[in-house]
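Me: I'd like to check the labels on this model one by one. Walk me through the cut-offs behind each of them, please.

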Amino acid sequence: MKFIVNTNQLLHKLQSVSGTIVSKPVIPILDHFLFDITDKKLTITCTDLETTMSTTMDVQSEENVRIAVPSKMCMDTLKALPNQPVTFTISLEKNAIELKSEFGRYKLIGQNADDFPKIPESNADNSFNISSEVLSSSIAQTIFSSGNDELRLSLTGVYVQLFKNNAVFVATDANRLVKVERNDVNPGVETNFILPKKALNLLKSNLPQDDTSTQVDFNESNAFFSFGDIKLICRLIDERYPDYQAVIPQENPNKLTIDRNEFLNSVKRISIFGNKTTNQINIKITGSELTIHAEDLDLSNEAVERLGCDYAGEDMEIGFNSRLLIEMLQNINTPEIIIELSSPSRAGIILPSKNVENENLLMLLMPMMIAGNS
């Protein structure tokens, strides 16, 4: 059984789905691509049992064939070849695969396609479409804020709340929280689920940055994403998400407006001199002046900067983790930001000065205790 394919085109397809493959799979066949040729169309699938990706491409073939191909050897071979047609010859009796290029022949052993894990089928009752750009942006704005603690599994993903005419994406690691509300999505159903981080990163790196439509199907255990010639299936995190609304302070009488870039760069500089364990910086606001201060008592390092700002409220000093604050500021796109505060012991709310059309973005950062303050 033979098929002919272009090296660069095949390599591009393999790379687009190879992110699901793990270095130490629980069963050997999981580090293989499943090649399935039907009616001159090659479907490439790989999985780690939690996340599955597949893509399709046209090939020259007179027969239908299915075989599992070793991922690393196949990709390394294609990378080492210049752009040219290659012929795959497959012997199903021995699971043998031979690649033939204008330079020579390369033999490798695959595995029986019947041993490849069964792929979940989308028998989901619920389905909606979302712009690929909107989905990609919503993932990028939230995923960095999700946690890594496997003991708090619900916080390791992004919580998606669907309503009739909008969708809300939330991520938190218990020290910070990001909430993105999109009013240009119409799920037509009210439900919620938690998407795992690995699947979201794969979506983020593969979604086209345009208004191409992505179809989302889901049931109680899996979510199915389909865009262009790529399909991604992921197992949902089967945990209850905490009541995130309860931690968002509603009364924040102190409002600070400041240039985002100036503030970000100042925090970056000051954090160099802070304690590398706590990453704490202290922010003091008096009138129209903001002072950023950090010190490392063990090493006698210290830095302070002053910035102009627009502030309405009582004078205040509050401590934040500079690493978390920097990440949050980097994920807001407006020239100015608004920081709403109530007291040094309560979370600060960070908002863009002007929301993108059809988007409401809210970020929350828990404070750190300042020495000498009770």
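Me: What makes strands 21, 20, 19 and 23 an open sheet, and what order do they take?

Reply: They line up as 21-20-19-23, with antiparallel pairing. Strand 21 (301–308) and strand 23 sit at the edges, each pairing on one side only. Strands here are DSSP runs of E with at least two residues, helices are H or I runs of at least four, and both are numbered from the N terminus. This is a predicted model, where local features need pLDDT of at least 70, side-chain atom pairs count only at pLDDT 80 or more, and totals for chains, interfaces and linings use all residues. Residues are numbered from 1 along each chain as its sequence is written, and side-chain values use heavy atoms, with hydrogens and water left out.

Me: How do you know that strand 19 and strand 20 really pair?

Reply: Two strands pair if DSSP finds at least two bridges between them. Strand 19 and strand 20 (residues 289–296) are joined by 5, running antiparallel, so they pass that rule. One position to look at is Ile-285, which stands opposite Leu-290 in strand 20.

Me: And how many bridges hold strand 20 to strand 21?

Reply: There are 8, again antiparallel, and His-293 stands opposite Val-304 in strand 21. Their hairpin leaves 4 residues between the strands, and Ser-300 takes a positive phi near 60 degrees there.

Me: Why is Asn-282 called buried?

Reply: Buried means under 20% relative accessible area, exposed means over 50%, and partly exposed is in between (1.4 Å probe, protein chains only). Asn-282 comes out at 13%, so it gets the label. You'll find Asn-282 in strand 19. Across the protein chain, 51% of the 374 residues are buried.

Me: What does the 9-strand sheet look like?

Reply: It's open too, in the order 14-11-12-13-26-25-24-18-22, with antiparallel pairing. Strand 14 and strand 22 (310–312) are its edges. Neighbours are turned by 20 degrees against each other on average, direction ignored. Axes are lines fitted to C-alpha atoms (for helices over the stretch in contact), with angles from 0 to 180 degrees between N-to-C directions.

Me: What makes you say that strand 13 is largely enclosed?

Reply: 7 of its 7 residues are buried, so the rest of the structure largely encloses strand 13. Arg-176, Val-178, Val-180 and Arg-182 point one way, Leu-177, Lys-179 and Glu-181 the other way, and all are buried. Strand 12 (residues 167–172) pairs with strand 13 (residues 176–182) over 6 bridges, with Ala-171 opposite Val-178. Another 7 bridges join strand 13 to strand 26 (residues 359–365), where Leu-177 has Leu-364 as its bridge partner.

Me: What earns a space the name cavity?

Reply: On a 1 Å grid over the protein atoms alone, a cavity is a set of points where a 1.4 Å probe fits but cannot get out; an open set with protein on both sides within 12 Å along at least five of seven lines is a pocket instead, and lining residues have an atom within 4 Å of a point. Grid points join across faces, edges and corners, and a volume is the space filled by probe spheres set on the points. The count is 2 cavities of 30 Å³ or more, and the largest has a volume of about 60 Å³.

Me: How do the residues lining the largest cavity divide?

Reply: They come to 9 nonpolar, no polar and no charged. Ala, Val, Leu, Ile, Met, Phe, Trp, Tyr, Cys and Pro count as nonpolar, Asp, Glu, Lys and Arg as charged, and the others, Gly among them, as polar. The lining includes Phe-128, Leu-135, Val-160 and Phe-225, so the nonpolar label fits these names. Strand 10 (126–131) and strand 14 (191–196) each supply at least two lining residues.

Me: What would count as a polar contact at the start of helix 6?

Reply: The rule wants a pair of N or O atoms within 3.5 Å; within protein, one must be able to donate a hydrogen and the other to accept it, and residues adjacent in sequence count only if both atoms are side-chain atoms. A side-chain oxygen of Asn-321 reaches to within 2.9 Å of the backbone nitrogen of Arg-323, so the pair is inside the distance limit. In helix 6 (residues 322–330), the buried residues include Leu-325 and Met-328.
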